[in-house]
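Dear colleague,

Please find the structure we discussed below, together with a short account of what was found in it. I would be grateful if you could read the two side by side.

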Amino acid sequence: MFKALILGAAAGGGLPQWNCGCENCNLARTGQIPSSTQSSLAVTMDGTSWVILNASPDIRTQISANPGLHPRSLRDTPIAGVLLTNGDIDHVAGLLSLREGQPFSLYATGEIHEVLAANPLMQAVNPEHVPRVPIALDEPVTLLPDLTATLFSVPGKVPLYMEGETVQTDLEGEQTTGVHLQAGGRDIYYIPGCAAVTDRLARRLRGADMVFFDGTLWRDDEMLAMGLSHKTGRRMGHISMSGRDGSISALQDLGIGRKIYIHMNNSNPVLRPASPERAEAESAGWTIGQDGMEITV
Ligand code: MLT
Ligand code: MN
Ligand code: ZN
């Protein structure tokens with residue numbers, strides 16, 4: 001049976017973010033709303049062997065918090081592999097915490113492997129023990145017995161630290177991908193970063209059993225309105241939940257079994273369980289992901 005475990009439901013920065021005094025971050029600091037670590041999902045078929053989708057900077061605490069990921073002998077891990085959907089810091093920095101000579105496979109597109117290979121720090125995750133496995137777009141690979149993953153491009157941009165003078169925010173290529181997991185006849189999608197739901201993406205998601213989707217912002221101008229940043233969601237390569245072009249509307253009539261938001265920025269009002277925005281998302285059939293949430297299909 002396929003099981004997904006949300007290791008971290010927050011976007012980069014987490015909730016609370018170290019330097020953020022916004023309402024949500026303060027509520028999380030005082031325990032009035034749940035805190036949340038950064039973007040990562042663990043998947044398994046047998047509860048024994050796991051693959052981690054995106055290695056967040058919080059991976060050490062995430063592994064500690066989840067007994068299924070603990071070593072079973074002197075030097076050991078149930079983590080057979082790590083798959084990256086892009087090269088963003090909130091998805092790759094955790095690799096540096098997995099550098100203790102422990103073998104596992106590292107899956108990503110060729111372009112993302114190139115980005116990592118260009119960074120000498122990443123050599124600390126020794127390729128002799130951690131083979132780099134390039135995944136071609138739209139070609140299934142076996143992650144675990146009975147579990148395949150197919151990476152496909154979704155609109156997005158290059159990682160923030162690779163941005164040049166001008167940035168294309170709806171780039172479709174190997175830099176920003178979604179994952180189609182196929183497990184025992186079930187179709188599960190994991191898309192933590194996505195700038196827009198194109199017709200092609202909507203067709204792909206139609207009838208899926210479960211979709212984990214980019215929940216970064218509620219409103220495109222949310223961070224500007226709160227005085228947190230000069231960037232819109234669009235500029236960051238993230239579609240918003242609400243509005244005519246938002247993900248609630250775009251995924252509304254696709255016959256998707258379960259819809260779960262992940263990668264939520266700490267500014268997002270849905271992180272407050274009693275907020276009207278949360279009620280609106282839930283009444284549209286969405287679950288707001290939370291650290292430690294387990295979903296079986
Ligand atoms: C994003 O999701 O937009 C990135 O994680 C931003 C970042 O790298 O901080
Ligand atoms: Mn991110
Ligand atoms: Zn904040």
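The notes that follow begin with a sheet and then turn to its aromatic residues.

Please bear in mind that this is a predicted model. It contains an open sheet of 7 strands with mixed pairing, in the order β7-β8-β9-β10-β11-β12-β13. At the edges lie β7 (141-144) and β13 (286-288), each of which pairs on one side only. On average, and with direction ignored, neighbouring strands of this sheet are turned by 25° against each other.

The pairing at the β13 edge deserves a closer description. Strand β12 (residues 258-262) runs parallel to β13, and 3 bridges join the two. Within this pairing, Tyr261 has Ile288 of β13 as its bridge partner.

Tyr261 also takes part in an aromatic contact. The structure holds 3 aromatic pairs. In one of them, the ring centres of Tyr261 and Trp286 are 3.7 Å apart and the planes meet at 10°; because planes under 30 degrees apart count as stacked, this pair is classed as stacked. The contact links distant parts of the chain, since Tyr261 belongs to strand β12 and Trp286 to strand β13, 25 residues apart. Both residues, Tyr261 and Trp286, are buried. Together with Phe213, Tyr261 and Trp286 form one aromatic cluster.

In short, strands β12 and β13 are joined by 3 bridges, and the stacked rings of Tyr261 and Trp286 link these strands as well.

With kind regards

Note on methods: Residues are numbered from 1 along each chain as its sequence is written. Chains are lettered from A and ligands numbered from 1 in the order in which they are written. This is a predicted model: local features need pLDDT of at least 70, side-chain atom pairs count only at pLDDT 80 or more; totals for chains, interfaces and linings use all residues. Side-chain values use heavy atoms; hydrogens and water are left out. Two strands pair if DSSP finds at least two bridges between them. Helices (H or I, at least four residues) and strands (E, at least two) are DSSP runs, numbered from the N terminus. Axes are lines fitted to C-alpha atoms, for helices over the stretch in contact, and angles run from 0 to 180 degrees between N-to-C directions. Rings of Phe, Tyr and Trp (its six-membered ring) pair if their centres lie within 6.5 Å; planes under 30 degrees apart count as stacked, over 60 as edge-to-face and the rest as tilted. Buried means under 20% relative accessible area, exposed over 50%, partly exposed in between (1.4 Å probe, protein chains only).
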